[in-house]
Structure formats: C-alpha cells, structure tokens
Amino acid sequence: MIKELVKDETALSQPCEAATAEDAETAQDLLDTLASLEGAACLAANQIGVAKRVVAYLDDNDQPHVMYNPVLKQALGAFKAVEGCLSLEAESKVTRYDRVKVAYDELVDGELVPRKKDFTGWTAQTIQHMIDHCKGKLV
C-alpha cells in the first residue's frame with residue numbers, strides 16, 4: 001500500500017527498532033511507496049511512519065530490493081556529497097564511502113536470513129543514507 005511520507009523531524013530522529021519477519025507488510029509498503037515516487041532511489045520504514053529497521057532501494061539497474069536490519073561493516077573511499085531527502089526540505093552535506101560492505105537480513109520463505117554484500121557507487125551511497133535513517137540520523 002502506498003503510504004504518505006513522514007516529514008516530522010522529531011519522529012525521523014528516533015532510532016528504529018530491530019525488524020522481524022513480521023514486518024513483511026512494511027517492506028511491501030516501502031516497495032509500493034518507492035515505486036509511486038518519481039525520481040526516488042530509496043526509502044526507510046520511518047519515512048512511512050514505521051520505526052523499524054527496514055529499507056528499500058533501487059539498484060543501478062532500477063531493480064527494487066529490501067533489507068532488514070542493515071549494518072555498515074566496512075567502508076572505503078570517503079568522499080563529500082550533498083544529498084537530498086524525500087522527508088527533509090534542505091539538502092545536507094555528508095561524508096559517504098564509495099565501497100561498503102553491509103550485513104543485513106533478507107526475508108526468505110517467511111524467515112529472516114543473514115546476508116553480507118559489497119556495494120559500490122550510487123547504490124552504496126543510497127544504502128548509507130538509509131542506514132542513517134534507521135539510526136535516527138537526519139542527513
């Protein structure tokens with residue numbers, strides 16, 4: 001279901017709780033909402049009003065993916081960037097990394113399965129933005 005985006009900085013600045021397999025509906029809502037937004041690359045659950053660590057993003061081929069409980073494990077190639085956010089009016093100056101390793105859970109047959117994956121470039125940057133959302137960090 002397509003959800004309205006949260007703009008309340010107080011709500012967005014709260015760290016999210018760990019996600020479980022029962023958050024599959026939230027994951028689907030993220031995918032539906034992301035698909036409805038022209039030019040959007042990623043969304044975190046707190047941006048649709050759910051304080052859980054679930055994120056959706058589009059990869060370099062515009063294919064959607066969901067991560068539960070993503071954690072940045074390694075980061076290389078720091079650079080300065082200016083990012084916009086669907087939930088915030090102003091752009092933010094941030095430090096991002098060109099290559100990252102992320103540990104996360106993936107929903108497979110109703111169970112969360114741990115995964116690790118390396119990301120580069122734009123996809124790495126969007127995932128870092130989503131991890132910040134999960135921490136309640138406004139960028």
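This report walks through the strands, one helix, the largest pocket and a few single residues of a predicted model.

## The strands and how they pair

Let's start with the strand ladder. Strand E1 covers residues 42-44, and 3 bridges tie it to E2, with the two running antiparallel. One place to look is Leu43, which stands opposite Ala56 in E2. Ala56 has a partner in E3 as well: there its bridge partner is Val66. E2 and E3 are antiparallel too, paired over 5 bridges. They make a hairpin with 5 residues between them, and Asp62 in that turn has a positive phi of about 60°.

Next along comes the pairing of E3 with strand E4, residues 88-108, which is antiparallel and runs over 13 bridges. To find it in the viewer, try Phe79, whose bridge partner in E4 is Arg96. Here the hairpin has 2 residues between its strands. E4 then pairs with E5, again in the antiparallel sense, over 10 bridges. Lys101 and its bridge partner in E5, Asp118, mark one spot in that pairing. E4 and E5 form a hairpin as well, with 2 residues between them, and Asp109 in the turn shows a positive phi of about 50°.

## A strand tucked inside

Is E2 largely enclosed or largely open? Strand E2 spans residues 54-58, and 5 of its 5 residues are buried, so the rest of the structure largely encloses it. The cover comes on both faces. Val54, Ala56 and Leu58 are buried on one side, while Val55 and Tyr57 are buried on the other.

## Two threonines in helix H3

Helix H3 takes in residues 121-135, and Thr123 sits in it. With a relative accessibility of 4%, Thr123 falls under the 20% cut-off, so it counts as buried. Apart from residues up to four places away in sequence, Thr123 touches Tyr57, Leu58, Asp59 and Asp60. Two of those names have come up already: Leu58 and Tyr57 are buried on opposite faces of E2.

Thr126 is another H3 residue. What is its relative accessible area? The value is 4%, so Thr126 is buried. Leaving aside neighbours within four places in sequence, Thr126 is in contact with Ala41, Cys42 and Tyr57. Tyr57 is on the contact list of Thr123 too.

## The largest pocket

Now for some empty space. The largest pocket holds about 220 Å³. Its lining has 15 residues, and those nearest the centre are Ala41, Cys42, Gly84, Trp122 and His129. Ala41 and Cys42 are also contacts of Thr126.

Which element gives the most to this lining? That's H3, with 5 residues. Strand E3, residues 64-85, and H3 each supply at least two. By type, the lining splits into 8 nonpolar residues, 6 polar ones and 1 charged one.

## Arg115 and its neighbours

Arg115 belongs to strand E5, which runs over residues 111-120. Its relative accessibility is 33%, between the 20% and 50% cut-offs, so Arg115 counts as partly exposed. Setting aside residues up to four places away in sequence, Arg115 touches Val102, Ala103, Tyr104, Glu106 and Val108.

Glu106 deserves a second look: its side chain and that of Arg115 are joined by a polar contact of 2.6 Å. Arg115 can also be placed against Pro70, which is 45 residues away in sequence and 9.5 Å away in space, C-alpha to C-alpha.

## Val82, out in the open

Val82 lies in strand E3. Is this valine buried or exposed? Its relative accessible area is 52%, over the 50% cut-off, so Val82 is exposed. Not counting residues up to four places away in sequence, Val82 touches Glu91, Ser92 and Lys93. For a sense of distance, Val82 and Gln14 are 68 residues apart in sequence and 23 Å apart in space, C-alpha to C-alpha.

Methods. Residues numbered from 1 in each chain as written. Predicted model: local features only at pLDDT ≥ 70, side-chain atom pairs only at ≥ 80, totals over all residues. Heavy atoms only, no water. Helix = DSSP H or I, 4+ residues; strand = E, 2+ residues; numbered from the N terminus. Buried < 20%, exposed > 50% of the residue type's maximum accessible area, 1.4 Å probe, protein only. Contact = heavy atoms within 4.5 Å. Polar contact = N/O pair within 3.5 Å; in protein donor to acceptor, adjacent residues only side chain to side chain. 1 Å grid on protein atoms, 1.4 Å probe; cavity = no way out; pocket = protein on both sides within 12 Å on 5 of 7 lines; lining within 4 Å. Points joined across faces, edges and corners; volume = space filled by probe spheres on them. Nonpolar A, V, L, I, M, F, W, Y, C, P; charged D, E, K, R; others polar. Pairing = 2+ DSSP bridges.
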